Amino acid sequence: MSRIFNFSAGPAMLPAEVLARAGDEMLDWRGSGMSVMEMSHRGKEFMGIAAEAEKDLRELLMIPAGYKVLFLQGGATLQFAQIPMNLLRGKGKADYVVTGEWSKKAVKEAKQYCDVAIAASAEDRNFTYAPKSFSVRKDTAYVHYCSNETIGGVEYHAIPQVEKNIPLVADASSHFLSRPVDVSKFGLIYAGAQKNAGPAGLTFVIVREDLTGQVAKGTPSVMDYKLQADADSMLNTPASYSMYVAGLVFKWLKQLGGLAAVEKLNIEKARLLYDFLDASEFFQNPVAKEDRSRMNIPFTLKDAKLDEAFLKGATERGMVQLKGHRSVGGMRASIYNAMPIEGVRTLVEYMREFEKKHG
Ligand SMILES: Cc1ncc(COP(=O)(O)O)c(C=O)c1O
């Protein structure tokens with residue numbers, strides 16, 4: 001068996017240990033005689049799997065009482081609509097911070113439901129930094145920001161300050177579980193699983209309970225946070241297999257020592273690549289140093305005509321999915337929790353070699 005280093009932004013690498021365990025349990029989950037895929041979501045086996053996944057996630061993120069943890073479907077994209085439907089609570093106004101492609105999409109969708117104001121924007125510097133001060137309307141229902149922009153590689157390393165009575169909402173899709181986070185500072189945090197926490201098809205929503213239960217008229221039941229919370233995220237059939245694999249990822253993270261330990265590894269991996277980029281005259285990363293993402297690292301070559309040759313050489317060396325997003329070009333290395341440090345070392349060695357040859 002040979003595993004390549006997959007730098008995809010998502011779906012992305014999963015820990016080999018998790019995949020091996022899922023493989024071992026594929027035909028017969030712990031003596032049940034069936035695969036998790038075949039289990040009724042109402043049966044005691046799956047109910048146990050779901051409860052344990054929630055317990056482990058709560059432990060990893062130290063989620064306070066008073067917050068509901070939901071395992072939903074529809075991706076983070078559905079949350080762009082589901083959030084206003086649930087959190088406007090009759091207010092009709094929401095404020096958004098724009099730091100790149102994903103926050104722009106969130107704004108576009110929210111505009112269908114309410115009056116959106118831009119609380120801060122990084123457009124003035126081509127979305128290469130994370131604005132820290134927001135201009136927020138007193139009567140806004142919430143403030144939304146993307147805490148890690150997957151395409152631009154811009155990450156908030158501290159939680160932005162907003163007035164205490166205004167709920168802060170974060171799209172944490174691409175750095176969820178990469179570091180500890182103080183959940184009590186948020187009204188809601190959401191993330192698709194397929195980058196750092198499991199297979200596609202599953203979306204995590206962590207929401208302060210008092211914000212739920214006042215959905216806009218016409219909201220489908222499956223999109224009502226309170227109804228989902230009351231039904232333990234099983235108002236209908238959940239993404240059961242994805243939940244099971246995410247549960248295995250949570251166990252793996254706990255075994256590594258929890259999120260503080262995982263963060264250390266992520267800092268080390270990101271530093272390897274950024275240190276190289278900063279010393280290089282051939283490769284460049286455009287993001288302000290203090291806002292650089294540890295998870296998604298875009299970079300360009302001095303001469304874009306060499307992009308294809310770079311990608312070809314990378315593939316030959318067992319490194320794939322390094323092509324940057326079509327909206328920005330260049331390269332992007334997504335180095336989520338499951339990317340081993342050897343993957344980053346191999347990439348840096350290759351970049352050094354490439355620069356020597358073409359620089
Ligand atoms: C920050 C961010 N938000 C939202 C999304 C959309 O996620 P999904 O495809 O799960 O709807 C992505 C996906 O890449 C993302 O990176």
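## A tour that starts at Ser35

Start by selecting Ser35, which is buried, since its relative accessible area is just 6% and buried means under 20%. You are looking at a predicted model, so keep that in mind at every stop. Ser35 sits in the loop that runs between H1 and H2. Now add Thr346 to the selection and draw a line from C-alpha to C-alpha: the two residues are 36 Å apart in space and 311 residues apart in sequence.

**Stay in the loop**

Which residues form a nonpolar patch on the surface with Leu27? Pick Met26 and Met37 as well, and you have the patch, with about 330 Å² of accessible area for the three together. Leu27 belongs to the loop between helix H1 (16-24) and helix H2 (44-61). Is Leu27 buried or exposed? Its relative accessibility is 73%, so it counts as exposed, the cut-off being over 50%.

**A salt bridge: Arg21 and Glu25**

Next, show the side chains of Arg21 and Glu25. They form a salt bridge, and the closest N and O atoms are 2.8 Å apart. The two partners differ in their cover: Arg21 is partly exposed, at a relative accessible area of 37%, while Glu25 counts as buried, at 8% relative accessibility.

**Along H2 and over to H6**

Select helix H2 and then helix H6 (residues 240-256). The two pack at an angle of about 40°, and their axes are 9 Å apart. That angle makes H2 oblique to H6. Turn the view until one helix lies over the other, and you can follow H2 as it passes H6 in a left-handed crossing.

While you are here, light up Glu52, Lys55, Asp56, Glu59, Lys251 and Lys254. What links these residues? They are joined in a network of salt bridges.

**Another helix pair: H3 and H4**

Move on to helix H3 (residues 75-87) and helix H4 (residues 101-110). Here the packing angle is about 45°, with the axes 8 Å apart. H3 and H4 are therefore oblique to each other. This time the crossing is right-handed as H3 passes H4.

**Bridging two loops**

Now jump to Lys138 and Glu163. These two make a salt bridge whose closest N and O atoms are 3.1 Å apart. The pair links distant parts of the chain, 25 residues apart: Lys138 is in the loop between strand S4 (115-121) and strand S5 (143-146), and Glu163 is in the loop between strand S7 (154-155) and strand S8 (168-171). Switch on the surface and check each end. Lys138 counts as exposed, with 67% relative accessibility, whereas Glu163 is partly exposed, with a relative accessible area of 41%.

**Last stop: Glu353 and Arg317**

Finish with Glu353 and Arg317. Their salt bridge brings the closest N and O atoms to 2.6 Å apart. Where do the two ends lie? Glu353 is in helix H9 (residues 341-358) and Arg317 is in the loop between helix H8 (307-316) and strand S13 (319-320), so the pair ties together parts that are 36 residues apart in sequence. Glu353 is partly exposed, at a relative accessible area of 42%, and Arg317 is partly exposed too, at 37%.

If you'd like to keep exploring, the count of salt bridges comes to 28.

Technical notes. Residues are numbered from 1 along each chain as its sequence is written. This is a predicted model: local features need pLDDT of at least 70, side-chain atom pairs count only at pLDDT 80 or more; totals for chains, interfaces and linings use all residues. Side-chain values use heavy atoms; hydrogens and water are left out. Patches are made of residues with over 30% relative accessible area and no salt bridge: like charges are joined within 9 Å, nonpolar side chains (Val, Leu, Ile, Met, Phe, Trp, Tyr) within 5 Å. Accessible areas come from the Shrake-Rupley method with a 1.4 Å probe; for residues, only the protein chains shown count as cover. A salt bridge is a side-chain nitrogen of Lys or Arg within 4 Å of a carboxyl oxygen of Asp or Glu. Helices (H or I, at least four residues) and strands (E, at least two) are DSSP runs, numbered from the N terminus. Buried means under 20% relative accessible area, exposed over 50%, partly exposed in between (1.4 Å probe, protein chains only). Axes are lines fitted to C-alpha atoms, for helices over the stretch in contact, and angles run from 0 to 180 degrees between N-to-C directions. Angles under 35 degrees count as roughly parallel, over 145 as roughly antiparallel, 65 to 115 as roughly perpendicular and the rest as oblique. A crossing is left-handed if the near helix is turned anticlockwise from the far one by less than a right angle, and right-handed if clockwise.
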